[in-house]
Amino acid sequence: MKPKLQFALILFIFLSFVIPGFCYEGNDPESKIFQYPSSQNTRDTLIITLRDDLPPLSFLNIKGEPAGFFVDMWRLWADKTGQKIEFRATEWKNTLESLQNRAADIHGTLTYSEERARWMGFSQHFYELSLCVFFVKNREEFHNITDLKGLKTGITGGTIIERKMQQHYPEIDIVTFTAIEDLVHAAMDGKIRAFVSTSASVLVILRRLGLAGEFGSTDETLFPIKIHAGVLRENKELLQLTDKGLDAISHEELAEIESRWIPDPAKRYYRRSQIIRLTKTEETWMKYNKVVRVSIPVVFPPMMHLGEENDFQGMIPDYLNLISLRTGIRFDLVPASLSDLPGRVRTRQTDMFPDFINLQSDNHISLTDPCFSVAWIIVNRTRDPFVRNVKDLAGMKVSLVNNIPLYERVIKDYPEIRVHTIDNPSDGLRSVASGKTDAFIGALPVVGYLIRKHHLANLKIAGSAGYDDFLFRFAVRSDYPELTGILNKAIYSVSEHEHDAIFKRNMPVRFEHAADWQEIIKWTFGLSGIFIFIAGISLFWNRRLSKEVNERKRAEEAFRERVKELTCLYAVSHDIQEDWPVDELCRRAVGHLISGMQFPEITMSLIELNGKQFKSGNCTEDGLSHTLHAEIRVQGEVHGQLRVCYTEERPFLIPDEQNLINGIAEALSTWLNRKLAEEKLKEYSEHLEDMVRERTQELKKAQEELLLKERLAVLGHFAGSISHEIRNPLAAIDSSVYFLKMKLGQGNEKTRQHLERITANIHKSVAIIESLLNLTRMEKPNTEKTDLSDLVSETLRSAKIPETVEVILNLPDKNIFVDIDAEQVRMALKNIIKNAVQAMNEAGKLTVTAQSAEFGQVELSVSDTGPGIPSEHLGKVFEPLFSTKTHGIGFGLSITKMIIENHDGGIRAESGPESGAAFILTFPKKGG
């Protein structure tokens with residue numbers, strides 16, 4: 001047999017075990033599940049206190065309910081622990097008081113300090129805040145915090161920010177405030193030149209206040225602040241429960257929660273995959289144990305071995321290098337024999353070692369969680385028959401490395417096997433290749449690596465050993481439980497991509513996609529000749545052997561098809577992860593489908609999606625057979641289908657190929673659903689700020705209207721109470737004046753002038769009382785169809801307008817009809833005209849314009865050439881008791897507004913610096 005064919009067969013069989021046998025378990029979420037003991041707290045429901053002024057991390061939403069990243073995180077913590085919780089969101093200083101007086105059980109967002117540590121216990125840190133300097137852009141600009149020397153700078157008081165600022169920047173004039181929003185207002189008012197706070201919270205508050213464009217910030221990141229949970233120091237069981245619950249929350253789960261609250265990936269803490277959350281105990285241990293001694297057996301390449309320069313190489317050193325980068329621990333690697341490893345840990349000569357011995361945790365050694373799994377396989381010579389498992393090795397001489405996990409088990413389970421003990425896998429494989437032993441049992445990665453490295457072309461992987469895969473762990477000295485916990489967290493932080501990179505780097509195997517069929521056919525006929533020769537000796541043996549060969553051939557054929565299907569699924573999944581556009585993804589999937597079928601040379605594929613078709617190059621509608629299809633669904637509805645057809649009649653594995661098509665259709669459906677959800681989330685995020693702003697404006701308007709109604713009610717009650725009491729004295733005064741006039745006759749002229757002044761002021765007082773009463777007794781309008789032009793003309797004629805005021809009347813040629821109460825509208829119009837004349841000091845131009853407007857309305861405008869209304873007063877002119885005149889008490893425009901709104905109309909005031917003031921009234925238009 002040619003060496004090339006032998007090597008190809010070895011690689012093919014090796015692949016058949018690599019795919020199912022070498023499975024990564026580091027990120028399997030199910031492996032982390034465990035049940036926590038119920039809390040021994042006196043309350044069934046734990047109270048978690050949080051700050052209410054730290055958006056988007058913890059704050060009160062528009063309903064007054066706690067919301068934010070920390071709230072969602074603690075809800076997930078409750079799901080993991082099975083513990084009921086409630087939130088108490090309040091001011092920062094109140095959160096600490098709640099914990100001290102036992103009104104709360106857990107402080108959900110806290111920074112560590114030695115002062116607090118006297119009465120509190122701290123959990124592992126689970127978040128990190130970054131600080132920077134904020135300032136008003138149009139006033140000045142700062143590039144870093146050192147520019148604030150001697151300047152008033154705001155911070156939130158009573159927090160770690162205050163302590164760090166005083167410690168690191170004593171030359172800055174620090175001013176403390178209660179909340180972040182107070183810092184923003186103080187900066188806008190010029191009370192401080194800048195302030196220091198958390199960037200994520202400040203940006204949310206600035207957007208809510210409409211000031212996002214007004215502020216700038218420095219690019220530096222000031223002393224990152226780690227966030228912990230806190231409990232009372234004596235409540236150790238609750239602290240343990242807190243840490244266990246946080247350990248159970250994965251990095252991916254926290255990243256998903258954070259992405260909901262912080263849309264910008266650059267501002268997220270959990271955008272970094274290397275984050276490892278340590279408890280305070282683990283952090284303290286790390287402080288005093290920077291170097292960890294690791295004993296490494298160097299006889300198991302590519303798992304662990306010495307390189308040409310006597311340096312440690314292999315998967316285990318690569319894993320340790322990755323863990324070192326994650327944690328900051330420096331691993332000191334020393335070589336050791338396999339048999340010495342447990343003793344070195346028990347005597348504390350080393351701190352840990354890779355467990356290739358299948359130990360159990362005891363008083364001296366504790367084990368980490370699994371890093372990956374390793375399959376056990378049997379190796380024999382290429383001319384030897386295949387074996388199903390270890391049972392088929394009965395009576396044979398089998399090489400086994402001493403002290404590996406299978407050594408004792410094989411001796412115990414199969415005493416009929418003659419075990420040949422060796423010290424390393426290389427010696428075992430060479431003994432089989434030279435014929436000294438019949439087979440070797442070892443780990444799949446080690447066997448594959450050594451066969452390729454030493455060019456042992458006469459060896460093959462004959463079958464599985466039949467034992468469960470070995471879960472590879474690290475063994476750690478038992479008095480270092482903190483190290484075990486740190487290693488477990490580091491193991492779970494290793495991504496699948498990183499694991500694959502380690503494996504590929506240490507297992508440089510290449511697989512050829514095109515097989516040499518000529519050589520395979522020759523080899524098949526050669527074997528067939530041997531089988532025929534054996535059949536001539538023993539018919540019974542021939543039948544039995546023929547049956548086994550046929551079964552194996554069918555299994556190998558099915559396996560090859562399965563490899564093609566898996567390759568196809570992997571290619572489609574890889575394209576989905578690359579996030580191609582929909583059309584490009586469909587075109588690539590069509591190509592992958594053809595290569596995944598049993599007979600690709602006669603296969604056509606087609607994807608129909610949202611009215612578009614994506615076909616393979618050979619796609620036609622004629623002569624099709626064996627059509628398979630699967631639906632592509634988006635949100636439960638059919639949006640397309642995937643079809644595969646053969647152009648010729650061929651036997652093929654319908655169930656397997658249908659499952660492949662179903663799998664790809666399901667993958668496309670899942671991807672489309674995810675893309676749709678991402679687009680909706682993005683759209684919602686873009687409009688959320690507008691929705692909040694609009695809702696805030698609605699609430700503000702409703703509050704103003706409610707306040708106005710309350711003021712009107714008070715005024716009405718006041719007017720009703722005093723009108724009678726004031727009217728009677730005024731009537732008596734008026735009668736007395738009349739009597740005095742009668743008595744005096746044409747007497748002293750000066751006395752008569754004073755009497756006339758008294759009479760005028762009596763009438764003015766009565767008018768004021770009438771205005772007060774009109775605010776509360778305004779009757780519902782008795783509307784009728786009225787020509788607005790006639791009403792305006794009549795009102796101008798009856799109004800007292802001085803000759804010094806020029807009246808300009810702009811009325812349409814045709815009549816404009818509206819449904820109004822003419823008397824009430826006339827009163828409102830007179831109030832506006834009277835104000836305009838007074839504003840012009842009875843000299844100027846008064847313009848009245850009536851016209852049709854959009855939305856089926858009529859618009860009436862009254863403008864003057866007076867000084868106009870100051871911008872700060874525009875929003876107040878319709879409020880009761882507001883007036884800028886030296887006379888009058890400010891009821892006229894309030895009554896006018898009430899009349900117009902009772903007619904389902906509207907009124908607004910406009911003013912320019914040189915164009916005077918204008919009041920625009922709108923009414924629903926009456927047809928006809």
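Me: What do the side chains of D247 and K489 meet in?

Reply: Let's begin with the general idea: a salt bridge is called when a side-chain nitrogen of Lys or Arg lies within 4 Å of a carboxyl oxygen of Asp or Glu. D247 and K489 form such a salt bridge, at 3.2 Å from N to O. D247 lies in helix 8 (residues 236–248) and K489 in helix 16 (residues 481–493), so this pair ties together parts that are 242 residues apart in sequence. Helices here are DSSP runs of H or I with at least four residues, strands are E runs of at least two, and both are numbered from the N terminus.

Me: Before I go on, what kind of model is this?

Reply: This is a predicted model, in which local features need pLDDT of at least 70 and side-chain atom pairs count only at pLDDT 80 or more, while totals for chains, interfaces and linings use all residues. Residues are numbered from 1 along each chain as its sequence is written, and side-chain values use heavy atoms, with hydrogens and water left out.

Me: Which element has the lowest mean pLDDT, and which the highest?

Reply: pLDDT is the predictor's confidence in each residue, on a scale from 0 to 100. The protein chain averages 79, and 81% of the residues score at least 70. Among its elements, helix 1 (residues 3–21) is lowest with a mean of 42, and strand 1 (residues 45–51) is highest with 94. Residues 1–42 have a pLDDT below 50, although the model gives this stretch 94 contacts beyond near neighbours in sequence; a contact means heavy atoms within 4.5 Å. Residues 508–521 are also below 50, with 10 such contacts. Where pLDDT is low, the predicted coordinates should not be read in detail.

Me: Which of D247 and K489 is buried, and which is partly exposed?

Reply: Buried means under 20% relative accessible area, exposed means over 50%, and partly exposed is in between, using a 1.4 Å probe and protein chains only. K489 is buried at 15%, whereas D247 is partly exposed at 29%. Across the protein chain, buried residues make up 44% of the 928 residues.

Me: How many salt bridges are there by this rule?

Reply: The count is 24. One of them joins D72 and R260, at 3.1 Å from N to O. D72 sits in helix 2 and R260 in helix 9, so the pair ties together parts 188 residues apart in sequence. D72 is buried at 15%, and R260 is partly exposed at 41%. Salt bridges can also link up, and here R293, R348, D351, R477 and D479 are linked in a network.

Me: Which residues of helix 9 are buried?

Reply: A handy idea is to look down the helix axis and find the arc spanned by the directions from that axis to the C-beta atoms. In helix 9 (residues 251–261), the buried residues are H251, L254, I257 and E258. They fall within an arc of 130 degrees, so they line one face of the helix. These residues pack against helix 2 (69–81) and strand 8.

Me: And which residues are buried in helix 6?

Reply: I180, L183, V184, A186 and A187 are buried there. Their arc is 165 degrees, so they too line one face of the helix. Helix 6 is followed by G190, whose phi is positive, near 80 degrees. K191 belongs to the loop between helix 6 (180–188) and strand 11 (194–198). K191 is exposed at 58%, and beyond residues up to four places away in sequence it touches K152 and A186.

Me: Where is H125 placed, to compare another loop?

Reply: H125 is in the loop between strand 7 (120–122) and strand 8 (127–136). H125 is buried at 5%. Leaving out residues up to four places away in sequence, its contacts include K226, H228, Y269 and E283.

Me: What is the place of A465?

Reply: A465 lies in the loop between strand 26 (459–464) and strand 27 (470–477), and is buried at 3%. The C-alpha atoms of A465 and V387 are 9.0 Å apart, though 78 residues separate the two in sequence.
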